[in-house]
Amino acid sequence: MLHLDEIGNPTSHFIEHLKGYVNYVIFEERGELTLLDLLKKLKEDSDVRDVKNLAYYSNGKLFLNPREKEDGDINRSFLRWDTLSTDITNGIGYALSSQGCAYRCKFCSFHLLVKEVNYREIDSLKEEMRLMAKSGSIETVVFNDDNLA
Ligand code: SF4
């Protein structure tokens, strides 16, 4: 099991403050595969102790499962916007052209969780924009990049 210090103080305090409000917190640079693993376990009603990169409370005690870097590909991790209705998207598409922060502010633990800056390939981004356009329901695109200000 991880110690709280290993994920940085701001993040560990954040997780501690979530006690009673959320069941699980994923702490991984990407998180999609961890989420998939968690959902499978919950669907099977099986133990989440072997789901990497997961924090959770059990009987009031915080557990931090071991970390393991995901193999996810930032160029392939985007939604099939063309399959989502306006009821789900509310007309807004969220895109990410990069992930990670190049700075190392002392009060922030984001760079401890996301250690590298990764940029998506332009073709991948164009494909996502095409799917949004094809959906017919996306009216606004919001870029959620860590590096856009
Ligand atoms: S620039 Fe922002 S995200 Fe990056 S380390 Fe500083 S506070 Fe954190």
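**Notes on the predicted model**

1. Let's start with a backbone detail: Asp45 sits just after H2 and has a positive phi of about 55°. Keep in mind while looking at this that the model is predicted.

2. Helix H2 itself covers residues 32-43, twelve residues in total. From first C-alpha to last, H2 spans 16 Å, close to the 16 Å expected at 1.5 Å a residue.

3. On the overall fold, I get five helices and seven strands in the protein chain. Walking along the sequence, their order is α-β-α-β-β-α-β-β-α-β-α-β.

4. Next, the domains. The protein chain splits into domain 1, residues 2-64, and domain 2, residues 81-143. Taken over C-alpha atoms, the centres of domain 1 and domain 2 are 23 Å apart. As for overall dimensions, the C-alpha atoms of the protein chain fit a box of roughly 45 × 40 × 25 Å along the principal axes.

5. A word on packing. Of the 149 residues in the protein chain, 12% are buried. Looking at contacts with a separation of 6 or more, 63% come from residues 24 or more positions apart.

6. Finally, the ligand. Which residues are around the ligand? They are Cys101, Tyr103, Arg104, Cys105, Cys108, Phe110 and His111. Sorted by class, this shell has five nonpolar residues, one polar and one charged. The charged one is Arg104 and the polar one is His111.

How values were computed: Residues numbered from 1 in each chain as written. Predicted model: local features only at pLDDT ≥ 70, side-chain atom pairs only at ≥ 80, totals over all residues. Near = placed C-beta within 6 Å. Helix = DSSP H or I, 4+ residues; strand = E, 2+ residues; numbered from the N terminus. Buried ≥ 20, exposed ≤ 12 C-beta atoms within 10 Å, placed from the backbone. Contact = placed C-beta atoms within 7 Å. Expected span 1.5 Å × (residues − 1). Domains from an automatic or database assignment.
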